[in-house]
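Here are a few short exercises to work through with the structure open beside you. Try each task before reading its solution.

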Amino acid sequence: MKLNSQWTLIAGMAVVTYIPRLLPMLLLSKKEISPSFSRWMTYIPVSIFAALVASDIFFWNGTFNINAVINIKLLPSILVFLIAYKTKSLLWSIAIGLGGIALFAGIF
């Protein structure tokens, strides 16, 4: 692949990834958004984060697995949930999560 075609490919990928971000701004910038739609939109980041976390916790080696002996992410995730709920501290949640994964990965 020549250097010129590589830059063309990079520019094309940049345009293709920018279009889905630009179109809603252009189409919705002059329109009034209803309060119910606006309220609904506040849940999107939370739902995406929940889907990412759930898929990471409950899938082990490409399959759905809720066996705590095989899936080493289950017990540390419960511990992280409890720590996050009690302390409301991101630092403690991350530290306990990393420590739990390291501990269970070392044991199993």
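**Exercise 1. Find which residues of helix α4 are buried, and what they pack against.**

This is a predicted model, so keep that in mind as you go. Start with the burial cut-off: a residue is buried when its relative accessible area is under 20%. In α4, L74, P76 and S77 are buried. Around the axis they cover an arc of only 160°, which puts them on the same side of α4. Next, look for their partners: the buried residues of α4 pack against α3 (44–58) and α5 (90–107).

**Exercise 2. Check the span of helix α4 against its number of residues.**

Helix α4 runs over residues 74–87, which makes 14 residues. The expected span is 1.5 Å times one less than that number, so α4 should span 20 Å. Now take the C-alpha atoms at its two ends: they are 20 Å apart, which agrees with the expectation.

**Exercise 3. Describe the backbone and the surroundings of K88: is K88 buried or exposed?**

Step just past the end of α4 and you meet K88, whose phi is positive, about 55°. K88 is not a glycine. Its place is the loop between α4 and α5. With a relative accessible area of 64%, K88 is over the 50% cut-off and therefore exposed.

**Exercise 4. Do likewise for N61: where does N61 lie?**

N61 also is not a glycine, yet has a positive phi of about 55°. Look in the loop between β1 (59–60) and β2 (63–64) to find N61. Its relative accessibility is 69%, so N61 counts as exposed.

Key
Residues are numbered from 1 along each chain as its sequence is written. This is a predicted model: local features need pLDDT of at least 70, side-chain atom pairs count only at pLDDT 80 or more; totals for chains, interfaces and linings use all residues. Side-chain values use heavy atoms; hydrogens and water are left out. Helices (H or I, at least four residues) and strands (E, at least two) are DSSP runs, numbered from the N terminus. Buried means under 20% relative accessible area, exposed over 50%, partly exposed in between (1.4 Å probe, protein chains only). The arc is that of the directions from the helix axis to the C-beta atoms. Contact means heavy atoms within 4.5 Å.
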